[in-house]
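Colleague: I'd like to go through this model with you. Shall we start at the ligand?

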Amino acid sequence: MDKPIKIAIAGLGTVGVGVLKVLNDNKEAIAARCGRSIEVCAISARDRTRDRGVSIEGLTWYDNPVDMAEDDNVDVVVELIGGSDGTAKALCEAAIENGKHVVTANKALIAHHGTALAKAAEAKGVNVSYEAAVAGGIPIIKALREGLAGNTFDRVYGILNGTCNYMLTDMRETGRDFDVILSEAQDKGYAEADPSFDVDGIDAAHKLAILTSVAFGCEVNFEGVQVEGIRHVSPIDIEFAEELGYRIKLLGITSRKNGHVEQRVHPCMVSKEHPISKVEDVFNAVVVEGNFVDRAVFEGRGAGEGPTASAVVGDLVDIARGLSVPTFSVAADKLKKLPSSPLARHKGSYYVRLMVLDRPGVFADIACVLKEHGVSMETVVQRHHAPDKSVPLVLTLHETQEQSMLDALDGIAKLDSVVETPRMIRIEDF
Ligand SMILES: NC(=O)c1ccc[n+]([C@@H]2O[C@H](COP(=O)([O-])OP(=O)(O)OC[C@H]3O[C@@H](n4cnc5c(N)ncnc54)[C@H](OP(=O)(O)O)[C@@H]3O)[C@@H](O)[C@H]2O)c1
C-alpha cells in the first residue's frame, strides 16, 4: 500500500462529523479502494470543548482553520464551515496557494467563486472538489463530468432543495398552508431559523449555477440565475394542479439555446407521469438530457449527515487515487462566458389562478385582455358558483412568450372583477 493521504477537516458540524464517521466506519473498504488509507490528522471548529459524539483524540486542533493550510502534514483540506466568503473562502484560497487539494460541500462558495478557485487550483496542479455541494448524496457532478462526458447537454434540471420538496409534498398531502408547514419544519430541524435560502430558491440557485458550469463548460454565473421561491404556492394551486394532471415542484432548470444559457429556479407544474413528479419529501433528483445517453434520472437524499459525508468522501477517494479532472469539465482557463437569456424571452405554457367576482361578463373581459396580448387559452376551470362573491378561476395558457404573459396578467389584474393579484405558475412539458 502507498503511504496514507492526510486530511484536515475544518468544520465539525453535521457534515464534518459525518465525514469522520464514514472514514472511521468504512476505513478498510476505503483503503482497499484507494490502495492507501485516508487519515484525518487535523481538525478545526469554533468550540473546542463541545462533545461531537466522535473521537477526536490525537488530532491536531486549530482554532483558526486557515492555519491548517500551512500544516506540512496535510495533503487535503476539507472545508465544511459554509458561507460564500469569510473563513471558508480564505481557507480554500490559502490551501490552494500552499499546494493542497481542497474538498468542500459549500455550494454558496462554489456558486460565487467557483471559477476563480478552479483557475487558482488548476494553475497549482491541485483539485477543488465539490460533489457534496450539489444534490447531497447524488454523485451528479461525477456523472456529468466523467460518466456522461461523451455527451453534449442541452438541458439539465432537477429538484435541488429537499426542504422545499418536503414542504410541497406536505402541502399536497395535508392541504395545510405554507406558513404552518414551515414552522413545523423549523421545529423538526428540516428548515433553518432563517428559511429564506431554502424557500426563496437561493440554495437551489447556487446548485443550479454549478450544474450549468459542469454541463455546458462555462464559467459559474450565479447572478445569471433567475430565482423565484415557493412562498406564494398555496394549497388551492396544488389542488388545481392535481385536477389538471400536474404536480408542483420547485425546479432548477438550465438550458442552452443559440449560444445563450437560461438558468431559472421557480415552482413548476410537471406532469404527474414524469419521474420527477414522483420524487417526494426531502429527496432530490436531477435529470440530464444528453445527446447520446438520452434522458438519465438520478435520485437520492440531497442533504443530511450520511448522504453529504458520502459525497465528501467520494471526492477524497478520487484524490487518494490520484484522479484529477478539470474542475468544471473543461480546463478552467477555457471555460466560456456564455450570455444569459432573460426570462422575459422564455417561451412556455402557464397556469394562472385568478380570484374573480362571480358575475356575467367577467370571463369575456379576461379573454379580451389575453387576446390583446396574443395569449391563447387551453383550459378553463371554474369549480364554484357564488353570485357576486369571489371565486377561483383557473386558466392554462398555450405556449407563449413570458413577457406577453406578464403583460396580459398586468392587464387582467386591473379589471374590477379581479380581486386578488393573479397567481402564475409555469408549466413544464419535459
Ligand atoms: N447539512 C447538510 O445536510 C448539508 C448538505 C450539503 C451541503 N452542506 C454544506 O456543508 C457545509 C457545512 O454544513 P453543516 O450543515 O455541517 O454546518 P454546521 O452544522 O453549521 O457546521 C458548521 C461547522 O463549522 C464550524 N465553524 C463555523 N465557523 C467557523 C470558524 N470561523 N472557524 C472554525 N470553524 C467554524 C462550526 O463550529 P462549532 O461546531 O464549534 O460551532 C461547525 O462545526 C456548508 O457549506 C453547507 O452548505 C450541508
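Colleague: Which helix gives the largest share of the shell around the ligand?
Modeller: First, this is a predicted model: local features need pLDDT of at least 70, side-chain atom pairs count only at pLDDT 80 or more, and totals for chains, interfaces and linings use all residues. Residue numbers start from 1 along each chain, as its sequence is written. A residue is near the ligand if its C-beta atom, placed from the backbone, lies within 6 Å of it; helices (H or I, at least four residues) and strands (E, at least two) are DSSP runs, numbered from the N terminus. The largest share is 3 residues, from helix α1 (residues 14-25).

Colleague: Which residues come nearest to the ligand?
Modeller: The shell holds 25 residues. Five names head it: Gly11, Gly13, Gly82, Ala105 and Ala303.

Colleague: How many residues of that shell are charged?
Modeller: Ala, Val, Leu, Ile, Met, Phe, Trp, Tyr, Cys and Pro count as nonpolar, Asp, Glu, Lys and Arg as charged, and the others, Gly among them, as polar. The shell has 10 nonpolar and 11 polar residues. The charged count is 4.

Colleague: Which strands sit at the edges of the open sheet?
Modeller: Strands pair if DSSP finds at least two bridges between them. The sheet has 6 strands, in parallel pairing, in the order β3-β2-β1-β4-β5-β6. Two of them pair on one side only: β3 (60-62) and β6 (128-129).

Colleague: What angle does α1 make with β2?
Modeller: α1 packs on the sheet, touching β1 (5-10), β2 (38-44) and β4 (76-79). Contact means C-beta atoms, placed from the backbone, within 7 Å. Axes are lines fitted to C-alpha atoms, for helices over the stretch in contact, and angles run from 0 to 180 degrees between N-to-C directions. The directions of α1 and β2 make about 155 degrees.

Colleague: Which residue in β6 stands opposite Val102?
Modeller: Strand β5 (residues 101-104) pairs with β6 in the parallel sense, over 2 bridges. Opposite Val102 stands Val128.

Colleague: Why does Cys92 count as buried or exposed?
Modeller: Cys92 lies in helix α3 (residues 86-97), in contact with Glu79, Val102, Thr104, Leu109 and Leu117, leaving aside neighbours within four places in sequence. A residue is buried if 20 or more other C-beta atoms lie within 10 Å of its own, exposed if 12 or fewer, and partly exposed in between, with C-beta atoms placed from the backbone. Cys92 has 28 such neighbours, so the verdict is buried.

Colleague: And why is Gln186 classed as it is?
Modeller: Gln186 belongs to helix α7 (residues 178-188). Beyond four places in sequence, its contacts are Ala191, Ala193 and Pro195. Its C-beta neighbours inside 10 Å number 15, so Gln186 counts as partly exposed.

Colleague: What C-alpha distance separates Arg264 and Gln226?
Modeller: Arg264 is in strand β10 (residues 260-271). Its contacts, neighbours within four places aside, include Gln226 and Leu343. The C-alpha atoms of Arg264 and Gln226, 38 residues apart along the chain, are separated by 4.6 Å.

Colleague: How many bridges join β13 to β16?
Modeller: Strand β13 (residues 347-357) pairs with strand β15 (residues 390-401) in the antiparallel sense, over 10 bridges. β13 and strand β16 (residues 423-428) also run antiparallel, and Tyr351 has Ile425 as its bridge partner in β16. The bridges joining β13 to β16 number 5.

Colleague: What distance separates the centres of domain 1 and domain 3?
Modeller: The bounds, from an automatic or database domain assignment, give domain 1 (5-133), domain 2 (140-301) and domain 3 (345-428). Taken over C-alpha atoms, the centres of domain 1 and domain 3 are separated by 52 Å.

Note on methods
Contact = placed C-beta atoms within 7 Å.
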